[in-house]
Amino acid sequence: MGQQIVNGLFLGSIYALFALGYTLVFGVLDILNLAHQAVFMLCAYVALLLVGSLHLHMFAAFPLAVLAGGLLGVVVDRVAFKPLRGRSDSNISGLISSIALATILEAAGLQLFGPDVERFPLGTVPDRSVQIGGAIVSELQVVIIAIALVVMGALTFLVQRTRLGRRIRAVAESPLAARILGVNVDRVIAAAFFLSSALGAAAGVLFGLAFNNVAPDMGRAVELKGLAVIILGGMGSMPGAAVAGFALGLLEVFTVAKLGSSYRDAIAFGVLFLVLVLRPHGLFGKAALREA
Amino acid sequence: MNLESLRDLWLTYQSTVAFIGLNGLLALSVYTTLACGQLSLGQAGFMALGGYTGAILTFHSALPYPVVLAAAALVPALLAVPLGFPVLRLKGVFLAIATIGFGEVVRIFFVNLEFTNGALGLTAVPQRTRVWMIYAALGVALFVLWRLRGSRAGYALEAIREDEPAARTMGIHADAYKLAMLVLGAALAGLAGALEVHFTFMVAPSTYSFARVVEMLVYAVVGGTAIFFGPAVGAAFLTLLPEVLREVGSRVGLQPGPLRPFVNGLVLLLVILFLPDGIVSLPRRLHRALAGRGAAAHAP
Amino acid sequence: MRFAGRLTLVATSLLFAALQARAETVKIGAAFSITGNAAVYGAQQKAGVLLAVEEVNKSGKLKGITLEVIVEDDATSKEQGIAVFQRFINRDKVSAIIGPTLSTTATAADPIAQQSRAPVVAVSNTAPKGITDIGDYIWRVSLTEAQVIPSALQNARAKLGFKNAALLYGNDDVFTKAGFDVMKAALEKEGIPIVEIQTFATKDRDFNAQLTALKGKNPDFLMVSALAEQAAGIVTQARQLGWNVPIMGGNGFNSPAFIKNAGQAAEGVYVGTSWNKASPDPVNQAFIAAMKAKGNDPDQFCAQAYTGVLVIAEAIREAGMKGGRDDVKAGFAKVKDLPTPLGKFSFLPNRDGNHAAAIQVVKGGRFEIVQ
């Protein structure tokens, strides 16, 4: 039982980190960035390259990969979203545009790295485990959960307490008003994408480390779960994404334990459905959808 | 070219021709909801329902093929109704996500259904589909959509697409129209599903993934959603393109590999950024660009 | 007489020309997953086929006949598989087809070959039903799970003496599900109670929940039906959870990629196999050496694909050095105890392959045959 809780928290922390990125962009732009999972995947490979080929220590590789993710996020914004900003149907066309970019990036990943699963070289991650109560927790798991929490905390601080955070919140509330107040909306959006994709990159590297498995299709697996998380937590709500991420992780794990694993994925979508039907704004989301 | 080599040519490319038609039907099924401004991404689920219904009926009943096809279109259409009520209330992105969820739930359902061998699916399905049937179905679908366009219902749909709240205040029953389009799309997807299953000899859940829906969406958008036959054009173009590239590539020594999805993605991106009304709007744009030189700008 | 002389000359040259024409080319189409989910296996298969064709042509054992192989990508997709088969049959006019890689693709593409009366040699389809059943032009070299697992299980039981078992399998893939069905049946036949069954999806990376649930029921033995990627993850996570239960895997484990990705955790894992890599048989050793000389460490899929070509060559020979489609089909029936890297190979009456299977255990980072 305790073991399953550990499993759930561990899985959930990665879901939460990934979903935070999604929800940040949605909060600011009202757009779902489906290229998020491609950044997730590519930055896991960046970390792999840094550690594997350049023999950097993970302490150096992780922030570098996260930085790369942030920059890639800005590219995604400039290529896929910025040109569409004026359009009336920018929600749907933005979605489609991000799907297109995701496909391109995935294909690039496949071309560059091949279809085989890669793993981090032996010794990249600590191997030890510790027994707490009846559960076995590996050092790696503790580190990952800790990093996820730290990143979430840093993000919250940034959004709540800094000037950039205030600007981001202003744009999320109303870009027009923000512009009138002198905020450079374009820059703020770019910053939001930077942060969002940095989060995605962090999630990707941690995921790759956690399961020692980096492959060009790793984003697909998490993409749909990520959607369930942000719906459950409420689109645009960061605490919502965090809480819902952990909740989904735990829910999945206990579904497996009690009902059997066949329905594990169905649970995520079942929850998604129920939430959309009963309470579309999720646990923490704002009640009304902002009009463009 | 003699008769024998013509026959061989046909047989070689028969499946490509068939898939162009099937993809056309699928693209149209995505288009039906796009036509009233909704993005429904659950077509894979409807397609799966149609495919399985068709296969099960073929194995367990002696019904003639047209009846089987009708049933395959009917089952997802009926299911679209209870799905539509809660889901069509949602706006834009939420609707898209909800329908993605629906599609996945259907797929997982079939993966776990012992009656149809779960992931193994059903094999040795007799090949009851002929290529002309696919194009007949496509023709009928296009015809229906064409008549719809010019009719009052068609205008209502456009109004809903442009500005739903305004359309409502004008007395248009937006809910009913959106539901009707969802049902129509479901029927088309189901029909395509059954036709495909009886062409490829098998039905299995792995066919009906989210990736498949994305493909259908790409066909519809690239073709162009402003005109009723746009998606079919998109389907034809994008089904042919990889084949052409492969032929060219193999002469030049390129590997197909990731090329196909890369090209799909690139074409989609270029279209959405620079040619948002799709390929079908290309002739009009070129015409305008050429005619506009030196002449005063005309009203759009 | 002048006329007679000229006639003789013409006749002789015609005869000569006819004899020259005996240097014919027989085309083989190879449909493998070079891209897509099964790309891991496709690359090895392609290497195996190319080497075999090269060797057969060099050896001259098909006097006057040159084998030509055309390799195409089935992209691990039904549609591509069908299209590739159509091209092979109608445009390239191949005499036989090897492949496709996955059973799922085969169920869609093989019927076309059967309809067109073109023989197919399956070299990696291991789903027991739905392959050779399609018709008399479909033949199989790869042993089905049903031919490998039961004897491997008996072997493991004799060595480990376990009292009960648990099962973990991928329920959304044709191959892994078929493997599970066989494992379950084998356990039941041996009278071993199954204490828990868990499933996962092919895309899953996290198996902690399932493994914890399985571990909680305390089985003595765990059988896993998974593809190489998931196999590595499953085994790694099981060991990380502190669970040291003996594990036996199905055919999907049979890949160096499994050992590479699972590292230390792969030690001690049992895997039934169609290919005894350590077999001292000279044909096998020569094959391994030749592959390594090309820079490729062969796996089972490579060996099976290689054998597929050998079988086709033998069929042509048995048919009297004739390379037409029906000649090859007739020749298959006559293949008996053909020396291949897989052992002495023959076809069963139902067109499935027949040769000795083996069981391996991972020791020191390599597969070792268990005697």
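**Reading salt bridges, strands and an interface**

Colleague: Where should we start in this predicted model?

Modeller: Let's start with a salt bridge: Arg117(C) forms one with Asp326(C), and the closest N and O atoms are 3.7 Å apart. The term means a side-chain nitrogen of Lys or Arg within 4 Å of a carboxyl oxygen of Asp or Glu. Arg117(C) lies in the loop between α4 (103-115) and β4 (120-122) of chain C, while Asp326(C) lies in helix α12 (residues 325-334) of chain C, so the pair ties together parts that are 209 residues apart in sequence. Helices (H or I, at least four residues) and strands (E, at least two) are DSSP runs, numbered from the N terminus.

Colleague: How should I read those names and values?

Modeller: Residues are numbered from 1 along each chain as its sequence is written, and chains are lettered from A and ligands numbered from 1 in the order in which they are written. Because the model is predicted, local features need pLDDT of at least 70 and side-chain atom pairs count only at pLDDT 80 or more, while totals for chains, interfaces and linings use all residues; side-chain values use heavy atoms, with hydrogens and water left out.

Colleague: Is Arg117(C) buried, partly exposed or exposed?

Modeller: Buried means under 20% relative accessible area, exposed over 50%, and partly exposed in between (1.4 Å probe, protein chains only). Arg117(C) is partly exposed at 47%, and Asp326(C) is partly exposed at 39%.

Colleague: Which residue forms a salt bridge with Arg107(B)?

Modeller: That is Glu104(B), with the closest N and O atoms 2.9 Å apart. Both residues lie in helix α4 (residues 92-111) of chain B, 3 residues apart, about one turn of the helix. Arg107(B) is buried at 12% relative accessible area, and Glu104(B) is buried at 6%. Over all chains, a search of the whole structure finds 30 salt bridges.

Colleague: Now the strands, please. How many bridges join β14(C) to β15(C)?

Modeller: Two strands pair if DSSP finds at least two bridges between them. Here 4 bridges join β14(C) to strand β15 (residues 366-369) of chain C, and the strands run antiparallel. Val362(C) has Phe367(C) in β15(C) as its bridge partner. The two strands form a hairpin with 2 residues between them, and Gly364(C) in the turn has a positive phi of about 60°. Strand β14 (residues 358-363) of chain C also pairs antiparallel with strand β10 (residues 270-273) of chain C, over 4 bridges. In strand β14 of chain C, 5 of the 6 residues are buried.

Colleague: What is the order of the open sheet of 3 strands in chain C?

Modeller: The order is β11-β12-β13, with antiparallel pairing. β11 (338-340) and β13 (353-354) of chain C stand at the edges with a single partner strand each, so one side of each is left without a neighbour in the sheet.

Colleague: Finally, how do I read the interface of chain A and chain C?

Modeller: The size of an interface is often given as the accessible area lost when the parts come together. Buried area is that loss (1.4 Å probe), summed over both parts. Between chain A and chain C about 2300 Å² is buried, and carbon and sulfur atoms give 49% of this. The contact (heavy atoms within 4.5 Å) takes 29 residues from chain A and 26 residues from chain C.

Colleague: Which side chains meet in a salt bridge there?

Modeller: The rule finds 1 salt bridge across this interface, where the side chains of Arg264(A) and Asp206(C) meet at 3.2 Å, N to O. On the side of chain A that touches chain C, the largest share, 5 residues, comes from α1(A).

Terms used. Buried area is the accessible area (1.4 Å probe) that two parts lose on being put together, summed over both.
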